[in-house]
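Welcome to this guided tour. Open the model in your viewer, and at each stop select what is named and look around.

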Amino acid sequence: MPSIVEINGLRKAYAGGFEALKNVDLAIDEGEILALLGPNGAGKTTLISTVCGIVLATDGTVRVAGHDTVTDFRAARSLIGLVPQDINLEPFERVQNTVKFSRGLFGKPANPALIEKILRQLSLWDKRDAQIRELSGGMKRRVLIAKALSHEPRVLFLDEPTAGVDVELRRDMWEIVADLKRDGVTIILTTHYIEEAEAIADRIGIIADGEILLVEEKAKLMARMGKKELEVQLSDPLTEIPAALASDALRLSDDGNSLIYTYDAKGERTGITKLLSEVAAAGLVLRDVVTRQSSLEDIFVGLVKEGGAS
């Protein structure tokens, strides 16, 4: 699949010497959902702002559908929709007028049918004549998305779109993103919610200290780096692991009621049969056995630590 956004050697340094972005290379495929994860200060918002032309890069290039974001800014920016992290809307303006105005800013002709379609898609049609100040925080975020979609962008950047939104509304947002993808929109999402990336992304990008640590298909990443755990629940708690069972792969739960064994599910030998035999030989009585796959959060935390992020 062709790349619609191509970022090469992107660097952003400030006067004091701080580097917010360090030689970032990233290709974003047309029609995909890319979730960009990283701790506070990792460079997520700086990266988005640079692609959108809000921040001027120190070095490097960005192309959107072949258009350079510096030398051909208008053509590149017309293809981009941006939903910023902060809610900055005119409180006394009405919803419908706010969205129409954004379309006009890009020189697009009036299209009432399209505006109605967008507002209905975002469950805002019934609120079309309401003033922004009358809306809840979640509804205001929907207005931000409607504004970003009003000029029919091919690429949509969502910078922490569900921050401060309740769980139910967050899941509604996930459905909206899925609908946009079906319409052919390429979506780049930054988020602090790991489960958000795990639920909707095609690929995961992890950024820390201004550097991209990896970009990989979600399923492949979890298969390659995810580990499985076997929890052996015991009838009687232990204060320590018996010497006969000592292993780097085995640890005792904080309450002493379980032995936790970490293993690679794709390995030729998992060691589970041997472990259970040794547990029985040690005279321990099993109450239950539970397996679980490590989550994207486990992988994310491990990579950021390895990358040296604070």
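Before the first stop, one term: contact means heavy atoms within 4.5 Å. Helices (H or I, at least four residues) and strands (E, at least two) are DSSP runs, numbered from the N terminus. What you have open is a predicted model, in which local features need pLDDT of at least 70, side-chain atom pairs count only at pLDDT 80 or more, and totals for chains, interfaces and linings use all residues. Residues are numbered from 1 along each chain as its sequence is written, and side-chain values use heavy atoms, with hydrogens and water left out.

**The whole chain**

Show the chain as a cartoon. You will find 10 helices and 14 strands. The C-alpha trace spans about 80 × 45 × 40 Å along its principal axes. Of the 310 residues, 45% are buried; buried means under 20% relative accessible area, exposed over 50%, and partly exposed in between, with a 1.4 Å probe and protein chains only. Among contacts in the chain with a separation of 6 or more, 70% are accounted for by residues 24 or more positions apart.

**Stop 1: helix α5**

Select residues 137–149, which form helix α5. This helix has 13 residues and reaches 19 Å from its first C-alpha to its last, close to the 18 Å expected at 1.5 Å a residue. That expected span is 1.5 Å times one less than the number of residues. Is the helix enclosed or open? Because 10 of its 13 residues are buried, α5 is largely enclosed by the rest of the structure. Colour the buried ones, which include Gly138, Met139, Arg141 and Arg142. Now add the partners: the buried residues of α5 pack against β6, α3 (95–105), α4 (112–121), β7 and α6 (167–182).

**Stop 2: strands β6 and β7**

Next, select residues 80–83, strand β6. Ile80 and Leu82 point one way, Gly81 and Val83 point the other way, and all are buried. Add residues 155–159, strand β7: the two strands run parallel and are joined by four bridges. Two strands pair if DSSP finds at least two bridges between them. Find glycine 81, and opposite it in β7 you will see leucine 156.

**Stop 3: the nonpolar cores**

In soluble globular proteins, nonpolar side chains tend to be buried together. A nonpolar core here is a set of buried Ala, Val, Leu, Ile, Met, Phe, Trp, Tyr and Cys residues joined through side-chain atoms within 4.5 Å. Which members of the largest core touch the most other members? Among its 42 residues, they are Leu119, Leu156, Leu158, Ile187 and Ile204. Helix α5 gives the largest share of this core, seven residues. Another core, of 25 residues, lies apart from it and includes Leu10, Leu26, Val64 and Ile207.

Click on leucine 158. Leaving aside neighbours within four places in sequence, leucine 158 is in contact with Val83, Ile145, Val177, Ile187, Ile188, Leu189 and Thr190.

**Stop 4: the largest cavity**

Keep leucine 158 in view. On a 1 Å grid over the protein atoms alone, a cavity is a set of points where a 1.4 Å probe fits but cannot get out, and lining residues have an atom within 4 Å of a point. Grid points are joined across faces, edges and corners, and a volume is the space filled by probe spheres set on the points. There are two cavities of 30 Å³ or more, and the largest has a volume of about 70 Å³. Its lining has 13 residues, of which Leu158, Pro161, Met173, Trp174 and Val177 lie nearest its centre. Helix α6 supplies the largest share of that lining, five residues.

**Stop 5: an open sheet**

Move to the open sheet of four strands, with the order β2-β1-β4-β5 and antiparallel pairing. Its edge strands are β2 (19–29) and β5 (67–68), each pairing on one side only. Strands β1 (residues 3–13) and β4 (residues 59–64) pair over five bridges, and arginine 11 stands opposite aspartate 59 in β4.

**Stop 6: two loops and a strand**

Select glycine 184, in the loop between α6 and β8 (186–191). Glycine 184 is partly exposed, at 42% relative accessibility. Not counting residues up to four places away in sequence, glycine 184 touches Gly31 and Arg154.

Jump to aspartate 264, in the loop between β13 (258–263) and α9 (272–281). Its C-alpha atom and that of lysine 228 are separated by 6.2 Å, although these residues are 36 residues apart along the chain.

Finish at glutamine 233, in strand β11 (residues 228–234). Is glutamine 233 buried or exposed? At 14% relative accessibility, glutamine 233 counts as buried.

How values were computed: 1 Å grid on protein atoms, 1.4 Å probe; cavity = no way out; pocket = protein on both sides within 12 Å on 5 of 7 lines; lining within 4 Å.
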